[in-house]
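User: Please show me how the terms used to describe a protein model are justified by computed values. I should like each answer to set a value against its definition.

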Amino acid sequence: MKKTPLLLATFTLLGSPALAVASPSYPSVVADELNMLCTPQCTICHESNPGNGGNAHQPFVENLGKPGDDDELRDYLQRLEDDSDIDGDGIADKAELAADPPTDPNDPSNETEVCQPDTKYGCGAASIAPSPQAGSQLYWALGLGLTVLGYGVRRRRTPT
């Protein structure tokens with residue numbers, strides 16, 4: 001009977017295993033697959049930059065589905081209908097993203113900038129900053145959950 005609260009706490013910390021976690025490579029995959037002139041910002045799929053699995057609610061990604069990895073994202077983008085126009089502005093989503101300059105397929109005004117600024121760091125800004133680690137919160141929660149689980153098992157084996 002004591003296992004139930006421990007298992008419940010572990011699964012609560014881990015969250016749903018079906019939760020899609022965005023990858024730092026997704027913007028590059030979108031740029032490559034749709035022949036974009038730049039790497040798009042996370043906001044074509046997410047509500048904020050950088051995106052995370054919990055805020056991928058833009059109409060463009062809702063239309064695609066929520067991919068679990070780079071290959072699944074490529075498949076979704078290849079199956080995207082040529083005439084798909086999620087914002088109803090008369091310009092197909094693929095055409096908006098492949099335009100010069102690319103526009104946001106979620107914005108009917110066609111004024112939203114989708115190109116990421118080149119984030120640089122260091123002396124002379126000679127290096128491009130790395131993408132944030134996707135899923136780091138999931139790994140932290142997994143580690144904490146396993147620690148709690150291990151403590152519960154150890155405590156149970158200790159004679160009283």
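Analyst: Let us begin with the term contact, which means heavy atoms within 4.5 Å. The structure is a predicted model: local features need pLDDT of at least 70, side-chain atom pairs count only at pLDDT 80 or more, and totals for chains, interfaces and linings use all residues. Residues are numbered from 1 along each chain as its sequence is written, and side-chain values use heavy atoms, with hydrogens and water left out.

User: Which residues is D87 in contact with, leaving aside its neighbours within four places in sequence?

Analyst: They are D93, E96, D104, P105, N106, D107, P108 and N110. D87 itself lies in the loop between α4 and α5 (93–98). Helices here are DSSP runs of H or I with at least four residues, strands are runs of E with at least two, and both are numbered from the N terminus.

User: How do you know that D87 has no salt bridge?

Analyst: A salt bridge is a side-chain nitrogen of Lys or Arg within 4 Å of a carboxyl oxygen of Asp or Glu. The nearest side chain of opposite charge to D87 (Lys and Arg count as positive, Asp and Glu as negative, while His and the chain ends are not counted) is K94, 15 Å away. D87 is nevertheless buried, a term for under 20% relative accessible area, whereas exposed means over 50% and partly exposed in between (1.4 Å probe, protein chains only).

User: What does the side chain of D87 reach?

Analyst: The side chain reaches the backbone nitrogen of D89 at 3.3 Å.

User: What makes R74 and E33 a salt bridge?

Analyst: The closest N and O atoms of R74 and E33 are 3.8 Å apart, so the pair meets the limit for a salt bridge. R74 lies in helix α4 and E33 in helix α2, so the pair ties together parts that are 41 residues apart in sequence.

User: Why is R74 called partly exposed, and why E33?

Analyst: R74 has a relative accessible area of 28%, and E33 has 26% relative accessibility. Each value lies between the limits for buried and exposed, and therefore the term partly exposed applies.

User: How do you know that D71 and R74 meet in a salt bridge?

Analyst: Their N to O distance is 3.1 Å, so the criterion is met. Both lie in helix α4, 3 residues apart, about one turn of the helix. An α-helix has 3.6 residues a turn, so residues three or four places apart point the same way. D71 is called exposed because its relative accessibility is 52%.

User: What of D82 and K94?

Analyst: The side chains of D82 and K94 also meet in a salt bridge, at 3.1 Å from N to O. This pair links distant parts of the chain: D82 is in the loop between α4 and α5, and K94 is in helix α5, 12 residues apart. D82 is called exposed because its relative accessible area is 60%. Elsewhere, salt bridges that share partners join E33, D71 and R74 into one network. The structure holds 3 salt bridges.

User: Which residues are buried in helix α2 (residues 26–33)?

Analyst: Y26, P27, V29, V30 and A31 are buried there. Their cover includes α4 (70–79). After α2 comes N35, whose phi is positive, near 55°.

User: How many helices and strands are there in the protein?

Analyst: There are 6 helices and 2 strands. From the N terminus on, the elements run α-α-α-α-α-β-β-α.

Definitions and conventions
Polar contact = N/O pair within 3.5 Å; in protein donor to acceptor, adjacent residues only side chain to side chain.
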